[in-house]
Amino acid sequence: MAKKYLRMTLNERIQHLNLAINFTILVITGFALSYSTAFWVSPIADAPLGMTFRGFLHRLCGVATLTLGGYHLLYLAFTARGRGIAKDMIPGLKDGKDLWETLKNNLYINRPAKALKMPRFNFREKLEYLGLIWGTIVMTVTGLILWFKTEWLQFFPMWSWDVARAIHFYEAILATLTIIVWHFYAVVFNPDVYPMSWAWITGDLTEHEMEEEHGLELEKIKAKQRGELKEFPEAAAVGGGRVYAIRREKVEREEGKSPSVRRFYGIVQGFNEMIKNWKGT
Amino acid sequence: MKWRKGGSKAWSILGGVLTIFLILGWMTGVAWSDNSLCFGCHQDESLKKQDARGKTISLFVAEAGFKDSVHGKLSCSDCHTHVKDDKHAEGGQKAADKKVNCATCHEKAEKEYLQGLHSKMIMKGMERAANCYDCHGKHNILPSKNSKSMTNISNIDKTCNRCHSDAVFVKDHALGAAIPKEEFKRSVHGKTGEVTCTSCHGSHSLRSLIDPKSTIFRSNIPQTCGSCHPDITKQFTESVHGVLAARGRSDSPTCTTCHGFHGIKAKVDPDSPVNEKRIALTTCPQCHAAEQISKEYKITTTPVKSYYDSFHGLSYRGGDTYSANCASCHGVHDIRPSSDPKSMIHKDNLQKTCGTCHPGASENFAKGKMHIVASISGEDFGEKVVGWVRIVYILLIVSVIGGLTAFNFTDWLRKTIDRGRH
């Protein structure tokens, strides 16, 4: 079996699944209001109190998504892996170039096609992730205005509520279509991964997939592994397995993380470490 | 005889008086109550005659039915006053006139009846228009308090429906396809058993729909309904609809426009046009989304359209009955124009109106314009802003989604072509 590379820890996969479920319910319960006479809404509309339940569920999933967003921010801020993700997610000039070259490859302007080495998060993923953040912010703000209309309308005129409602609706269309067109292409209809990229379930990518989509990251990992292999004999001579543990504690203290915060978010980190060890990578 | 032999004077006087009484009694009996002479022939069930057109008419009269009737104590000849018939003359007996005149006793009823539709139809020569006996019966008339009477409140519908639910009759008399029988039976009025045909249509003086004096003439309907629902009629006559209806505006709704006619249902009944699930779908829009009416009265169809696009309307159309419908804000029978200080949507009352569903609605809450239609050329500032937001977002959606789709298509195309080459 080909070598596998960790893409999403169990924690991240749960976050992803959580978002996927919430997003789907939000889309269904949301458009069930906008198109309340459509045929597919009839299971909701015909049920007793269907529309009331729809509204409740929509708000519930909105709160769940918002909570997940909050958790995700903490995850990014207080775990080493999270900080790594946040750093690697920052878009740069290279992403623009990657996009441009990919397009040129696709249109056979580059002949032969240029082999692109893309970082841990390629331009596709950065675009989607940033889009997701944008969408979540817009939907949260407008959604809360719509929800807490009595409070909002104490200070702001009615037309601002109407504007919020319009934005909430059109942004929902934009977000849904983006997921269908962009995300589902990348993880389902893309001929490289069809019928589906299994990373959201298994959590890892094959070496081939890494080469295709994240060549630069693969090189980095390999270089690091070569370095670790070089260091390995020294560490073994000094103290075996325990050396790693002590070193880790030391690194963390150097990074300036206070012990109390670590205790607080240690669960997350410990969880991730456990998964990593469990995967045996 | 003994008393004659005795030659007592007193006895003979007594006997004479008794004899006179007996004779008088016999005479009155024949004249007023003893109908045995008539029944001698007329209780024969097979007694028949042929009328001028050759139609066979039964001359049988059930004695028991007559005796139990309200007229049971009367003599046949009280009603059948005039006899010319040869057959009766042969027997030396008085016999019946062809026509019985009820008005001899029932003068007031006759007077009312002559003003009514049925009598007018008879005068026009209509054959099946109701005469006295069509509704009251002939020999077996019972007082209307008797539950077996044809005019008892529980039987009136059956009496009327003998003609008015007969499809052939209805068609022949051009009454439209209106067969009120089943409709009324299922209606909220029919179910009570206390309201029946005559409650609204009247009885003897029942008039045509187009007769301005009719209880069911358009502008009289609120008063007719008001005989049982006086509070509602009072509210309605002061409302914008009631005022216009009273002035004869046939476009203005009256009770029946929203509630229906014979088949009026309780508002909790899902089939009722005033059921909360239907009021904003069919009842109000039947006029307020109608082009002709909105043109005539310079009321636009915008309120209906914009309501359907609003949160209230969208949720309502999905079956949400907690969501506001037309009546939630405008009222029901007492709908008034927003310029009326008593109107629920008058600017001074809006906060309270909104507050019914949105507790804590502030003064500012009620200030905004309702029924807006997003448009960059709209009159209201909010309409313009929402219109622009829509344009910007549609452009954004088209460009972003279009771009992403195009990009992915090239990606898919290259990968598919490359795969084919390998």
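Helices in this predicted model are DSSP runs of H or I with at least four residues, numbered from the N terminus. On that basis, helix α5 of chain A spans residues 93–106, and α5(A) is followed by A:Tyr108, whose phi is positive, near 55°. The helix comprises 14 residues and reaches 20 Å from its first C-alpha to its last, which is close to the 20 Å expected at 1.5 Å a residue.

The two sides of α5(A) can be described in terms of burial. The buried residues of the helix are A:Asp98, A:Thr102, A:Asn105 and A:Asn106; because they cover an arc of only 95° around the axis, they lie on the same side of α5(A). Exposed residues, namely A:Leu93, A:Gly96, A:Lys97 and A:Trp100, are carried by the face of α5(A) that is turned away from this buried side. The packing partners of the buried residues of α5(A) are found in both chains, with α6 (123–147) of chain A on the one hand and α26 of chain B on the other.

Helix α26 of chain B, which covers residues 381–421, also belongs to the wider contact between the chains, in which 42 residues of chain B are in contact with 38 residues of chain A. On the side of chain B that touches chain A, the elements giving two or more residues are α23 (311–317) and α26 (381–421) of chain B, and the largest share, 23 residues, comes from α26(B). By residue class, this side of chain B divides into 20 nonpolar, 13 polar and 9 charged residues.

Definitions and conventions. Residues are numbered from 1 along each chain as its sequence is written. Chains are lettered from A and ligands numbered from 1 in the order in which they are written. This is a predicted model: local features need pLDDT of at least 70, side-chain atom pairs count only at pLDDT 80 or more; totals for chains, interfaces and linings use all residues. Two residues are in contact if their C-beta atoms, placed from the backbone, lie within 7 Å. Ala, Val, Leu, Ile, Met, Phe, Trp, Tyr, Cys and Pro count as nonpolar, Asp, Glu, Lys and Arg as charged, and the others, Gly among them, as polar. The expected span of a helix is 1.5 Å times one less than its number of residues. A residue is buried if 20 or more other C-beta atoms lie within 10 Å of its own, exposed if 12 or fewer, and partly exposed in between; C-beta atoms are placed from the backbone. The arc is that of the directions from the helix axis to the C-beta atoms.
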